[in-house]
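Student: I would like a close look at one part of this protein, the sheet. Please take me through how its strands are arranged and what surrounds them.

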Amino acid sequence: MNINLLSFNVSIGKKKPRTIKGYKPADSACPFCAVDKLVDIIDTDGSIILLKNKYQVIENSYQLVLIENDVCHSDIPDYTPEHLYKLMHFALSHWVDMVNSGKYEVTILFKNFGPFSGGTITHPHMQIVGFPELQPELMFDPAEFAGITAFSSDGIEVNMATRPHVAFTEINIIATEAAYPAGTNFIKGYQQHQPGHKIILPETRSINTMADMIQQTITFLQEIHPSPSFSYNLFFYLYDGRIHLKVMPRFPTSPLFIGYNIHFTSTNIQDLATRLTTHLTTHI
Ligand SMILES: [Zn+2]
């Protein structure tokens, strides 16, 4: 089995602050609240800040942090539409700019939230990471974007995954060709960039709809997984030149997936898709 393999720099990792409860050493002060101490800032828009990650723990990569706002214990469900739209435009623009720089074979955009998400800092943030040498075709299976359509508007489709990457209530949000300006020329397959070709963003209206969908799929997952340790990831992908996104609730991961690569769907997947449709049409 071909894999992408990278080195984690342990000596840098040891210095990282951790504010999510349960991590050792003891909880640190939040580095993202101390705005006046931030260095290597790349861009800002109001309270949104993009900066170079101070802890470049992944060898052979370039890591950025995107601080979503100045409220430490908040998250996407709390944002006003105005802030939510501004944030998604900012995040997607910088991600695509890094893709179009041509310096990286693959650039990823993702978010961790909650103790099971793999994150170490509570303060809401996303990450953009460029990898000069990874193979994109080893990073995801496009078959896992299939699902039962729950909502569709402005070229943005939301589905309940029928081939989840790990298990259960994974939700896909996909920008179809209808989300992009007429005449857009799409790169096919996994490749993120080609000489003389730039990835472009969906229309503003479609990005706003995508942002609404992200916010409301998170509130949906919160409702069906009510727990103080509710956790999720957002994983953004470029496939066929278009944005694909997985909203993945996180739990202690199934040993059958970790040990044997067995993926799980659930017997009530159709019911969950129907409930998601109800939730989205009620809240958007
Ligand atoms: Zn903070």
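Tutor: Here is the sheet, followed by its surroundings and the chain as a whole.

This is a predicted model, in which local features need pLDDT of at least 70, side-chain atom pairs count only at pLDDT 80 or more, and totals for chains, interfaces and linings use all residues. Residues are numbered from 1 along each chain as its sequence is written.

The sheet is open and has 10 strands. Their order is 1-2-3-5-4-9-10-8-7-6, and the pairing is antiparallel. Strands here are DSSP runs of E with at least two residues, and helices are runs of H or I with at least four residues; both are numbered from the N terminus. Two strands count as paired if DSSP finds at least two bridges between them. Strand 1 (41–45) and strand 6 are the edges, and each pairs on one side only. Neighbouring strands are turned against each other by 20° on average, direction ignored. For such angles, axes are lines fitted to C-alpha atoms, for helices over the stretch in contact; angles run from 0 to 180 degrees between N-to-C directions.

Now take one pair. Strand 4 (residues 106–113) meets strand 9 (residues 231–239) in the antiparallel sense, over 5 bridges. Leu-109 stands opposite Phe-236 of strand 9.

Next, what lies on the sheet? Helix 5 lies across strand 6, strand 7 and strand 8 (171–175). Helix 5 runs at about 10° to strand 6. Contact means that the C-beta atoms of two residues, placed from the backbone, lie within 7 Å.

Look at the loop between strand 6 (147–153) and strand 7 (156–161). Asp-154 sits there. Asp-154 has a positive phi of about 55°, although it is not a glycine. Most residues other than glycine have a negative phi. Is Asp-154 buried or exposed? Asp-154 is buried, because 20 other C-beta atoms lie within 10 Å. The cut-offs are 20 or more for buried, 12 or fewer for exposed, and partly exposed in between, counting other C-beta atoms within 10 Å of the residue's own, all placed from the backbone.

Asn-261 lies in the loop between helix 4 (255–260) and helix 5 (269–283). Asn-261 also has a positive phi, about 60°, and is not a glycine. Asn-261 counts as exposed because it has 8 C-beta neighbours inside 10 Å.

Finally, the whole chain. The protein chain has 5 helices and 10 strands. Buried residues make up 35% of its 284 residues. Among contacts with a separation of 6 or more, 68% join residues 24 or more positions apart.
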